[in-house]
Each structure stands twice: as C-alpha cells, then as structure tokens.
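Please walk through this structure from its overall make-up to its finer local details. The sequence and the model are shown first, and an explanation in running paragraphs comes after them.

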Amino acid sequence: MGPHPAVAAIRLAVRRTLHDLLAELAGVGTLGTPSPPASPSAASFTSPAILPAGRPEPSGRPVPSAPGAPLVLAACSGGADSVALASALAFEAPKLGIRAGGVTVDHRLQPGSGKRAEEVAARLRELGLDPVETVAVDVGRSGGPEAAARDARYAALDSVADRYGARAVLLGHTRDDQAETVLLGLARGSGIRSLSGMAAVSGRDGRYRRPFLRLDRQTARTACLAQSLPVWDDPHNSDPSYTRSRLRHEGLPALEKSLGKGVIEALARTAQLSRDDADALDVWADDAERSVRSAPGGGPGEGGPAGGLDVAKLAVLPPAIRRRVLRRAAIAAGSPAGSLFARHIEEMDRLVTDWHGQGALNLPGRVEVRRRCGNLVIGRRDQAAAEH
C-alpha cells in the first residue's frame with residue numbers, strides 16, 4: 001500500500017525540484033539546454049549521485065549521501081506548509097544522494113518564540129535533517145511589519161546557506177500563498193511584475209526553490225496529519241491587523257463566494273502568464289537600457305552626464321519598456337526596490353514625456369532624478385550636491 005495521496009503529492013513536488021537542481025549542477029538545464037556547472041565539485045559529484053545513490057539498498061533504506069554531496073536546506077517555521085516540505089525533503093533527498101538540512105528563523109516577535117524555534121529544530125532533526133540551524137533575528141520597521149519580517153528572514157536564510165555552502169533553500173509557499181500575492185500586487189497597482197507573484201526559482205544563483213506552488217495549502221496540512229507530524233499555527237496568520245491575514249480570511253473567501261470556486265487556481269494561472277510576459281518585457285528592457293545610456297561628457301548626441309539616460313531615446317520607447325528602464329536605473333542608483341512604487345516611476349516618466357521645467361525628483365533612498373542637458377541624471381542626493 002502506497003503513501004497517502006497528499007503525502008505522495010508533496011514528495012513528488014520535492015522530487016521534481018531536486019531532479020531539476022541535479023540537472024543544473026550536472027550542466028544540463030531542465031529543458032535539456034547546456035549550462036555551466038555551479039562549481040567543479042558539483043559537476044563531478046552529480047553523475048554518481050543520480051545513478052548509484054538514487055537506488056535504495058536491499059534493506060529499503062536510501063544509500064547515504066557521499067561526502068561532498070550537495071546540501072539542500074528546508075526553511076521551516078513549524079507551520080503545516082513548511083513541516084510538510086521538510087518531511088518530503090528528508091524522504092526524497094537521500095535517495096538522490098543529496099544532503100538534507102533545515103533552518104528555522106526566530107523573529108522574536110512573540111513571547112516564547114525562542115523555545116518554539118528550538119522545538120521546530122528538534123522536529124527537523126527527528127526527521128533526519130542535518131545540519132539544522134536556528135537563527136534569531138531583529139525585525140526592523142522599514143516597509144511595514146510584514147515586509148520587515150520578510151527582509152530579516154531572507155537575510156538569515158542567506159547567511160545560513162552561505163555558511164554551509166547550501167546549493168538551495170526550499171520554501172513552503174503554496175498555490176494559496178501565490179493567489180494572495182497576486183491580489184496584494186493588484187491592490188498596490190504595481191504592474192505586471194507584481195501580478196506574476198512568486199517565482200518557482202529565485203534569489204542569487206537560483207538559491208530559493210518553491211516546490212509547492214502548484215499544491216494547495218490543504219494538501220500540505222493533510223500530508224502532515226497523515227504522517228502524524230505536529231504543526232504550529234502562527235497566530236499572526238489569523239491576526240486581522242496584518243493585510244495578508246485579512247485577505248486570507250476575509251478577502252479570498254468573499255471572492256470565492258461571489259465568483260465561485262476556482263478563484264485561487266485562476267489567480268495562480270494569472271501569476272504564471274504574467275511572469276512569462278514580464279520576463280519577455282525584461283529581456284526587451286535589457287537591450288533598451290544599453291541603448292539609452294549616455295556616454296560621459298558633452299550633451300545629447302555627443303555623450304552626456306555620467307550615469308545619464310538619453311531623453312530622446314527614452315521618449316520613443318514603448319511605455320512598458322521605458323518604465324522598466326527607469327525603475328532599474330533608480331534601483332541601481334540606490335533606491336530600495338521595496339520602497340519604489342508606481343507613483344515614483346510615473347513621476348520619473350513625466351520628466352521624459354511631460355517636461356515643462358520641473359525641478360529635481362526625490363526618490364526613496366536619498367536618490368535624486370533631474371533632467372539636464374537632454375538627459376535624465378539619477379544619483380544620490382549628496383553626490384548630486386557635490387557636483388553642483
């Protein structure tokens with residue numbers, strides 16, 4: 001008799017992600033296109049990992065991972081999604097010759113959070129994960145409580161992954177989380193990139209992997225119940241003072257009541273379609289960005305201020321491409337991406353398309369944008385003041 005269908009579903013999702021990772025480390029992308037290996041040690045290891053280490057011993061136990069095997073970490077909060085993820089990684093990784101570890105982040109936002117983090121770490125060790133790390137963080141205030149907690153969490157995960165040399169960190173985001181992310185992006189009016197939600201692969205060198213984006217939240221919870229795995233329900237997830245919590249418990253149910261079942265699946269499909277479009281536009285914007293950059297010295301046609309963008313060339317670009325170029329230039333100058341909203345980009349765009357002598361525009365991160373000598377000059381305010 002096989003595993004419970006929910007358990008089989010989470011394991012299959014993780015297995016596919018691990019196979020993709022091994023293919024990348026071997027120098028072959030998931031579509032069969034060659035890619036350079038992440039490192040010589042990774043390339044030399046993956047061939048034996050896929051074959052002999054992929055077969056169980058006669059006892060039925062997986063072959064132990066060889067020394068130098070790639071390490072994959074599961075980020076686990078103790079909630080059903082991430083516990084299900086950790087259990088699936090612990091089951092699948094050894095069969096592929098991959099080392100499986102875990103990390104839990106203590107945000108220190110609730111009484112007893114440190115003890116709870118240690119309990120989560122103990123459960124990860126019981127699943128067979130090694131190494132297991134607990135990291136306590138200080139959550140700031142920039143961007144609001146949810147964004148600040150997210151920034152602190154990813155910084156901690158990056159730190160642990162770097163320290164252990166982990167090839168990937170698995171995250172337990174589900175299709176429900178994807179639907180919520182799409183709706184939050186729609187509410188902010190942030191454009192097609194926000195509507196594309198979370199990527200299955202993201203982060204530096206594709207570090208972060210989200211195997212469960214096609215699975216619903218209930219499947220993960222059912223998988224935990226079927227395996228008798230204890231889970232912790234974070235009270236913040238039901239606290240109405242948090243936007244995502246209100247959306248989860250009030251907004252999405254109201255949409256499903258009005259529009260019928262299938263809203264979450266439709267939003268997840270919208271995310272993928274939007275991501276495909278946004279990726280194509282980004283490639284176009286890459287080429288456009290190189291073409292509009294001014295050479296140092298002189299005016300339009302003979303170079304412009306260092307770091308400038310040629311206004312005449314910007315003006316003839318399609319708006320979707322032009323605004324991407326402007327956003328990238330602002331971020332490159334030091335404006336935090338999370339604090340750079342659509343209204344900021346629209347004001348930058350007006351310096352190109354609706355110029356009537358406006359003064360300098362101030363962006364988050366002490367970045368200044370001004371039109372000078374037929375160019376948009378974007379830089380830090382202190383640097384701009386020194387030049388004048």
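What follows moves from the chain as a whole to its cores, a pocket, an aromatic pair and some backbone features.

The model is a predicted one, and its chain contains 14 helices and 10 strands. Of the 388 residues in the chain, 43% are buried. Among the contacts in the chain with a separation of 6 or more, 65% are accounted for by residues 24 or more positions apart.

The largest nonpolar core comprises 37 residues, and those with the most contacts inside it are Val-14, Leu-18, Val-72, Leu-89 and Phe-212. Two or more residues of this core are given by each of the elements α1 (5–25), β1 (71–75), α3 (80–92), α4 (113–126), β4 (168–170) and α8 (217–226). It is α1 that gives the most to this core, with nine residues. Phe-212 offers a useful place from which to look around: leaving aside residues up to four places away in sequence, Phe-212 touches Ile-10, Ala-13 and Val-14, then Asp-81, Ala-84 and Leu-85, and finally Gly-172, His-173, Thr-174 and Arg-175. Apart from the largest core lies another, which has 24 residues, including Ala-285, Leu-317, Ala-330 and Leu-376.

From packed side chains we turn to empty space. Rolling a probe the size of a water molecule over the atoms shows where such space is left. The second largest pocket has a volume of about 850 Å³, and of the 28 residues that line this pocket, Ala-200, Arg-210, Leu-213, Arg-214 and Gln-272 are the closest to its centre. The elements that give two or more residues to this lining are α1, α6 (175–188) and α10 (263–292), and the largest share, seven residues, comes from α1. Helix α1 thus has a part in two of the regions described here, since α1 also gives nine residues to the largest nonpolar core. Sorted by class, the lining of the second largest pocket has 13 nonpolar, five polar and 10 charged residues.

The structure holds one aromatic pair. How are the rings of Tyr-154 and Tyr-208 placed with respect to each other? Their centres are 5.1 Å apart and their planes stand at 90°, and because planes over 60 degrees apart count as edge-to-face, the pair belongs to that class. This pair links distant parts of the chain, with Tyr-154 in helix α5 (residues 145–164) and Tyr-208 in strand β6 (residues 208–209), 54 residues apart. Tyr-208 has a relative accessible area of 3% and is therefore buried, the cut-off for that class being under 20%.

The backbone has some features that deserve a separate look. Most residues other than glycine have a negative phi, and most peptide bonds are trans. A cis peptide bond, with omega about 5°, joins Asp-130 and Pro-131, and Pro-131 is found in the loop between α4 and β3 (132–136).

Arg-108, a residue other than glycine, has a positive phi, near 55°, and lies in the loop between β2 (99–106) and α4. With a relative accessible area of 46%, Arg-108 is partly exposed. Cys-373 is likewise a residue other than glycine with a positive phi, near 55°, and is found in the loop between β9 (367–372) and β10 (375–380). The relative accessibility of Cys-373 is 48%, so Cys-373 counts as partly exposed.

Note on methods. Residues are numbered from 1 along each chain as its sequence is written. This is a predicted model: local features need pLDDT of at least 70, side-chain atom pairs count only at pLDDT 80 or more; totals for chains, interfaces and linings use all residues. Side-chain values use heavy atoms; hydrogens and water are left out. A nonpolar core is a set of buried Ala, Val, Leu, Ile, Met, Phe, Trp, Tyr and Cys residues joined through side-chain atoms within 4.5 Å. Buried means under 20% relative accessible area, exposed over 50%, partly exposed in between (1.4 Å probe, protein chains only). Helices (H or I, at least four residues) and strands (E, at least two) are DSSP runs, numbered from the N terminus. Contact means heavy atoms within 4.5 Å. On a 1 Å grid over the protein atoms alone, a cavity is a set of points where a 1.4 Å probe fits but cannot get out, and a pocket is an open set with protein on both sides within 12 Å along at least five of seven lines; lining residues have an atom within 4 Å of a point. Grid points are joined across faces, edges and corners, and a volume is the space filled by probe spheres set on the points. Ala, Val, Leu, Ile, Met, Phe, Trp, Tyr, Cys and Pro count as nonpolar, Asp, Glu, Lys and Arg as charged, and the others, Gly among them, as polar. Rings of Phe, Tyr and Trp (its six-membered ring) pair if their centres lie within 6.5 Å; planes under 30 degrees apart count as stacked, over 60 as edge-to-face and the rest as tilted.
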